[in-house]
Amino acid sequence: MKILVVEDDKTVGQYVKRGLVEAGYHVELVGDGTEALRLATDGRYDLLVLDLRLPGRSGLEVLRTLRDRGDSVPVLVLTAQDAVDFKVQALRMGADDYVTKPFSLEELLARVEALGRRPKAIAAPVLKVADLALDTGSREVKRGDRAIELTPKEYAVLEYLMRHAGRVMPRTLITEYAWDYHFDPGTNIVDVVITRLRKKVDYAREPKLIHTVRGVGYVVKA
Amino acid sequence: MQTLRAQLTAWYSAALVLTLGAFTLALYLARRSASFHDLDQRVQSEADLTNGILEESYRARGVLVERDSLIGDFRGLLEVVPDYLIITDADGRVLFLSQTARELGYQKVEQLADLAKPPLRGRNAGVIELAPDGPRISYVVRFVTGAGPQFGAILAGANVQTAELGPQQLLTTFVLILPISLVTALLVGSWIARRALEPVDRIITEVREITDGRTLHRRLAEPMVKDELGRLTETLNQMMMRLERSFAALRRFTADASHELKTPLTVLRAGVERSITTPGLPQETLATLEETLLEIKRMTELVDALLTLARADEGIAPLHREPVDLRAIVEEARETGELLAEQAGVSMEVATPPEPVVVPVDASRIRQLLLNLLTNAVKYTPAGGRVSLQLGPSDGRVILTIADTGIGIAPGDLPHIFDRFWRADSARTRTGERPGAGLGLAICKWIAEAHGGTIEVQSRPGRGTTFTVTLPRDAQA
């Protein structure tokens, strides 16, 4: 799948490009709208990642020109504005989705994946670590044969950790994923959720699956 | 006297009454002095005429006096004189009294006759107030020289009151006219003022409608006539143009600042995120990266809050409203509240009505508001305390109540808690916790108001705090 990234800030552009390349996409990076319009012809790309604020032609103009041409390539908009009306404007002009800066690479990848029209079947709906299984479709969690009842936040935290099994996930990212982006509890509410999860998942079981990395966050691994 | 109209009317009327008064006074004085002058003239001419008659008659007939009295046919002739007429002989005895003079009575006639007795004292004209009770008489004395030796003097006099009658009528008329003209002045003045101020009322209405950034492009209709109000309209329009320009500049600035601040944050974040997921890093490095990540998130949040508030000032409410059952949002917040409460050793109660409470709101903003208030409630409630969250509809409105049994807010602080960057002294927060930027409650207030609702607080130090958020059931504002 080929992706054109239109971003004038070189560093941001590079990060986006690297992240996408590492996820297995073919990526080209351009810095301005005119160049983007020149390149994005004849369905050469499967997806555009478009910064709204560009030198010369603004992202909205690029978007409008594309749609006026009858080009229906999916467009993911990057915007620094958290204002809903601005996003709505972009969506009305034919953007397919948006990511607000500063975005996490993970969020960007998730949205790109969603827009990429790849059959979702490839991604396994059941996440597994040792004998712990989490069904992302039915939201059922089992350790061995025993079903585990989880509250919504417990489920969200466990799902996030299991998606990144084996990797240390910082508390900040866990909080962001499981709660509203604007939520800053001022305390490590994640710790409380983890304590509860441990009771439900790891109590009287071996091996322990949820591990603390002090000062950083948590990791789920066998 | 609250309105310009009333003031103008009062001034008009006062001016009219004053003018009328001054005019009447001047007229009265002029008329009075003319009257007195006329009186003098009349008396003078009566004396002269009498003298002339005496002289003529003397020349024609010789003797005019018989047995110390004027002869008969003269009496008849002189009776015609309407005023006081006294003729004395050379020794000062009264030869003749006119009808009017006789009516005065002996005592008063004597006082008059004394003036016409030789030797003559001082002036031969003047005003005398007869004792005991008037009248005041303006008189003139004339010596009779060409009518034989018997005659002494002629005194002609007239009642001063007859001169004052005319001017006094003028005053009476004025007193009668005054209330009528005052009422007329008030009515006409008020009407004129209303006519004149009508455009001002229109300007007020139009300007009032221009409330925020959304309506700032409007202009007042400029009248063709460049009178004072025309110029006022023009000036207001120019002012609004300048305001609109600075609003536009602010909007540009917010957009620019948003971009300029967020791009580096994006770079930072992407870098830290990449690094933190690199396998095999020492734990210390990981902890540092996590701290950095948290700070980046907080900084982003701060930038967002500032931009949101800046945009709110422009009157642009970036809300994405959809009908939502508020119970779902409250239930969602319940778990988070319970988690926070558990950590702080505080108990948590949630009460929602059995029926759905569907309101068109920006769900993510209401969630933010709830979590913000819940976090605060738990933060300021010591272990063992209680935090409660209640949702209840109340005629056309929806009320969210977040109450705690915490340390409360000092009465002096209450009016400021919704101010931006305001924070109570740090003693309020638990030690070791980092205080926020002081924008949380300002954002809560904005969220409530952007939904057309309100947020209120009640607090007693040591007893607890209750925040009450009221939202309208129908979308507005």
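I started with contacts in chain B of this predicted model. Counting pairs of residues at least 6 apart in sequence, I found that 67% of the contacts join residues at least 24 apart. For chain A, I looked up the matching share: residues 24 or more positions apart make up 55% of the contacts with a separation of 6 or more.

Next I checked the makeup of each chain. Chain B has 10 helices and 14 strands, and 31% of its 477 residues count as buried. In chain A I noted eight helices and 12 strands. Chain A has 222 residues, and 40% of them count as buried.

Then I turned to where the chains touch. How many residues does each chain bring to the contact? Chain A puts in 41 residues and chain B puts in 45 residues. On the chain A side, I listed the elements that give two or more residues: α1 (10–22), α4 (84–92), α6 (152–163), α7 (171–178) and α8 (189–201). I also sorted the chain A residues that touch chain B by type, and got 19 nonpolar, 10 polar and 12 charged.

Last, I picked out one residue, A:Arg69. I found A:Arg69 in the loop between α3 (59–68) and β4 (75–79) of chain A. Is A:Arg69 buried or exposed? A:Arg69 counts as exposed, because I get 12 C-beta neighbours inside 10 Å for it, and the exposed label goes to residues with 12 or fewer. I also looked at A:Arg69 alongside A:Thr41: the two sit 28 residues apart in sequence, and their C-alpha atoms are 9.4 Å apart in space.

Definitions and conventions:
Residues are numbered from 1 along each chain as its sequence is written. Chains are lettered from A and ligands numbered from 1 in the order in which they are written. This is a predicted model: local features need pLDDT of at least 70, side-chain atom pairs count only at pLDDT 80 or more; totals for chains, interfaces and linings use all residues. Two residues are in contact if their C-beta atoms, placed from the backbone, lie within 7 Å. Helices (H or I, at least four residues) and strands (E, at least two) are DSSP runs, numbered from the N terminus. Ala, Val, Leu, Ile, Met, Phe, Trp, Tyr, Cys and Pro count as nonpolar, Asp, Glu, Lys and Arg as charged, and the others, Gly among them, as polar. A residue is buried if 20 or more other C-beta atoms lie within 10 Å of its own, exposed if 12 or fewer, and partly exposed in between; C-beta atoms are placed from the backbone.
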